[in-house]
Amino acid sequence: MSGEAPHPDREEVAGSSPSTSLRVKVSLLEIASLFCFIGLTSFGGGITAYIRRMVVTQKRWLSDEEFMPGLGLVQLLPGANVVGLSVYIGNHLKGPVGSLVALASLLAPPFVSTCALGFLYFHAGHTADAHAVLAGVTAAACGLMASMVFEAGGEAIKGAFDVVLILITFALVRFAHLHVPTVILIVAPLAIWWHRPRPPKVNPKLKTPDTGGSTPS
Amino acid sequence: MNKTLLQLAGLFSSLSLSAFGGGKVVLPSMHQASVGEYHWMTNQEFVDLFSISMAAPGPSMMVVTLVGLKACLPYGTAIAILGALVATLAMFVPSSILVYFAGNWWDHWKESPWRHSVMNAILPISTGLILAATWIIAKTSIHSLPTAIMGVVALILMLFTKINPVLMMGAAGLISWVFLR
């Protein structure tokens with residue numbers, strides 16, 4: 001099975017550039033080792049671009065036509081994009097077993113290292129040295145989170161009403177102390193209604209088109 | 001002990017399916033539940049554990065592992081690791097199952113104009129939730145002039161340079177140790 005070693009590392013292998021659904025044979029071990037690596041090197045920002053480079057450009061396990069719908073899907077659904085992408089890519093390569101292997105190898109190494117750091121904190125976290133180190137780390141974590149507010153806001157704000165939506169969401173959590181699922185159930189209908197598909201430059205009183213059941217025949 | 005494990009499973013599986021825009025978004029609820037409702041840890045411990053998880057490798061929401069670990073720590077080391085495992089699986093498995101099955105009808109849905117409506121609706125909501133999460137972290141972590149300066153410098157570095165966040169947090173810890181010890 002794994003006798004032939006594919007070496008698609010050179011740029012123009014076998015003539016054609018990224019062709020659609022080139023059904024490559026990928027072993028579970030290869031999936032596991034890639035997602036172990038991604039799990040141990042991923043730290044927030046820019047991971048999706050990084051995964052795309054690994055899986056599409058370098059290893060050529062998927063074409064862009066196969067990868068991009070997966071990215072669109074995981075951005076829309078709840079959960080971290082890396083986690084969703086590992087499930088999507090694993091499934092694409094090896095079915096449900098591939099998904100499981102990709103997810104497990106993505107999470108297992110960080111799980112072990114995080115637990116180890118946790119125990120270190122519980123045993124030594126109350127010393128003066130640890131307090132001094134943690135003061136810096138938490139302040140930097142705060143700056144990191146704040147930068148995510150700017151990044152997310154830059155993508156989100158397309159008009160004044162988006163600012164209103166951000167502030168409503170913030171207030172419901174901060175001042176009304178509602179849980180996140182409740183807040184989403186309250187704000188999402190309003191937000192989706194505001195961003196509903198609109199026919200260009202037509203009387204806004206028109207009903208929005210019902211595109212729910214457009215099945216191709 | 002069983003009660004704590006059930007609480008962890010219930011809390012994180014519901015948050016797993018609400019994490020639109022990534023795990024950071026549910027941090028306010030995680031904080032409210034583990035500090036306010038279940039009293040698993042103090043506010044300071046929550047912020048410490050969150051920061052440690054940010055500085056460690058892995059997807060952004062590995063703080064759930066640490067919350068599970070701390071919640072079950074009173075029952076011994078083995079149970080603490082079990083708690084960490086339960087919390088981690090509860091956070092990552094439900095959303096993964098959703099991705100797995102959603103892939104099947106995605107082909108029919110991805111051309112719909114509503115896809116962009118939902119995407120555009122999610123973005124401001126997740127921004128508001130990340131803002132609320134940042135607020136929680138800031139209230140505890142920024143408590144003096146030096147920490148305020150470090151927070152602002154970290155923000156500027158993240159926005160305007162391509163510095164690796166882990167490297168930056170490590171450096172902040174080192175600088176803080178040298179000067180605040």
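These legends describe close-up views of a predicted model, covering the interface of chain B with chain A and the largest cavity.

**View 1. Extent of the interface between chain B and chain A.** In this predicted model, 86 residues of chain A are in contact with 100 residues of chain B. About 8200 Å² is buried between the two chains, and carbon and sulfur atoms give 79% of that area. On the chain B side, the residues that lose the most area to chain A are B:Val99, B:Tyr100 and B:Trp114, which together make up 8% of what that side buries.

**View 2. Polar contacts and helices at the interface.** Between chain B and chain A there are zero salt bridges, whereas 14 residue pairs, with both residues at pLDDT 80 or more, are in polar contact across the interface. The helices of chain B that each supply at least two residues of the side touching chain A include helix 1 (2–16), helix 4 (63–72) and helix 8 (165–180), while helix 6 of chain B provides the largest share, 24 residues. By class, this side of chain B has 63 nonpolar, 28 polar and nine charged residues.

**View 3. The largest cavity and the residues that line it.** One cavity of 30 Å³ or more is counted, and the largest cavity holds about 70 Å³ of space. Its lining includes A:Gly79, A:Ala80 and A:Val83 from chain A, together with chain B residues, among them B:Ser16, B:Met61 and B:Phe92. Helix 5 (residues 77–109) of chain B gives the most to this lining, with three residues, and the lining as a whole divides into six nonpolar, four polar and no charged residues.

Key: Residues numbered from 1 in each chain as written. Chains lettered and ligands numbered in written order. Predicted model: local features only at pLDDT ≥ 70, side-chain atom pairs only at ≥ 80, totals over all residues. Heavy atoms only, no water. 1 Å grid on protein atoms, 1.4 Å probe; cavity = no way out; pocket = protein on both sides within 12 Å on 5 of 7 lines; lining within 4 Å. Points joined across faces, edges and corners; volume = space filled by probe spheres on them. Helix = DSSP H or I, 4+ residues; strand = E, 2+ residues; numbered from the N terminus. Nonpolar A, V, L, I, M, F, W, Y, C, P; charged D, E, K, R; others polar. Contact = heavy atoms within 4.5 Å. Buried area = accessible area lost by both parts, 1.4 Å probe. Salt bridge = Lys/Arg side-chain N within 4 Å of Asp/Glu carboxyl O. Polar contact = N/O pair within 3.5 Å; in protein donor to acceptor, adjacent residues only side chain to side chain.
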